[in-house]
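Here's a quick briefing to read alongside the structure. Have the model open as you go, and click through the residues as they come up.

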Amino acid sequence: MNIRRTLFSFLLLTMSLAASAKVDYDSIVVRYGPIIADTLIYIDKQELMLTLFVSDGQVVAEFPIACGKKMGQKQRSGDYRTPEGKFRISQIQDSSKWGHDFHDGKGFIRHAYGPWFLRLDTGRHKGIGIHGTHDPESIGTRATEGCIRLKNDDLEKLHTLVEVGTTVIIGEDK
């Protein structure tokens, strides 16, 4: 009986997520081309939302994010913009011991990236990824140097659903 209840709850959750998704899988595929991996992450910089799709277009999860402080396409390192386009996860790294100085007067912050760093192959822009945070209040804002930031609990969930090679599409600011 518990298995049926769990399955039913999962199906209801999946259906409600699919109904609430603001982005349409088919329109993403039309715009950016075919998706080869079994999963697709879509980053909506305007809505500050990450949506995870499976290959049939069903929404598996949605998480609020923070992204680059400045709007628009990334032009160079240090411009505080999040790159736009079609990328893939090239590495999944344990970042639980990483730190960073955000040059905000607070100095070096331990555990700045949360538990995981999903490194993106963006071509010319190095060091861009999807990661956790030391500052959960920043989620839902434009607060990063160019990466995509999630709450650590959300990143833990996402980490179990993706793999190296997962397609990541970062939508344009409009």
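Let's start with Thr82, which is buried, with a relative accessible area of 1%. Keep in mind that this is a predicted model. From Thr82 we'll go on to the charged pairs, then to a helix, then to the overall numbers.

**Thr82 and its surroundings**

- Thr82 sits in the loop between strand E4 (67–68) and E5.
- Its 1% relative accessible area falls well within the buried class, because buried means under 20%.
- The Thr82 side chain reaches the backbone nitrogen of Gly68 at a distance of 2.7 Å.
- Leaving aside residues up to four places away in sequence, Thr82 touches a list of residues including Cys67, Gly68, Gly72, Gln73, Thr144, Gly146, Cys147, Ile148 and Ile170.
- Two lysines are also among the residues that Thr82 touches: Lys45 and Lys74. Both turn up again in the salt bridges below.

**Salt bridges**

- How many salt bridges does a search of the whole structure find? The search turns up six.
- As a reminder, side chains of opposite charge can pair when their charged atoms come close.
- Lys45 and Asp173 meet through their side chains in a salt bridge, at 3.4 Å from N to O. This pair links distant parts of the chain, with Lys45 in the loop between E1 and E2, Asp173 in the segment after E12, and the two positions 128 residues apart.
- Are Lys45 and Asp173 buried or exposed? Lys45 is buried at a relative accessible area of 1%, and Asp173 is buried too, at 14%.
- The Lys45–Asp173 pair doesn't stand alone: Lys45, Glu84, Arg142 and Asp173 are linked in a network of salt bridges.
- Lys74 forms a salt bridge with Asp79, and the closest N and O atoms are 2.9 Å apart. Lys74 is buried, with a relative accessible area of 6%, and Asp79 counts as buried at 2%.
- Asp79 also meets the side chain of Arg81 in a salt bridge, at 3.8 Å from N to O. Arg81 counts as partly exposed, at 24% relative accessibility.

**Helix H2**

- H2 covers residues 25–32, and Tyr25, Ile28 and Tyr32 are buried in this helix.
- Why do these buried residues end up on the same side of H2? They cover an arc of only 60 degrees around the axis, so they share one side of the helix.
- The general rule behind that pattern is that an α-helix has 3.6 residues a turn, so residues three or four places apart point the same way.
- On the face of H2 turned away from its buried side, you'll find the exposed residues Asp26 and Val30.
- What covers the buried residues of H2 includes four strands: E1 (39–44), E2 (49–54), E5 (85–94) and E12 (167–170).
- Just after H2, Gly33 takes a positive phi of about 95 degrees.

**The whole protein**

- The secondary structure comes to three helices and twelve strands.
- The protein has 174 residues, and buried residues make up 45% of them.
- Take the contacts between residues at least 6 apart in sequence: 57% of these join residues at least 24 apart.
- The accessible surface comes to about 9600 Å², and 54% of that belongs to carbon and sulfur atoms.

Terms used: Residues numbered from 1 in each chain as written. Predicted model: local features only at pLDDT ≥ 70, side-chain atom pairs only at ≥ 80, totals over all residues. Heavy atoms only, no water. Buried < 20%, exposed > 50% of the residue type's maximum accessible area, 1.4 Å probe, protein only. Arc of directions from axis to C-beta. Contact = heavy atoms within 4.5 Å. Salt bridge = Lys/Arg side-chain N within 4 Å of Asp/Glu carboxyl O. Areas by Shrake-Rupley, 256 points an atom, 1.4 Å probe, with all protein chains shown as cover. Polar contact = N/O pair within 3.5 Å; in protein donor to acceptor, adjacent residues only side chain to side chain.
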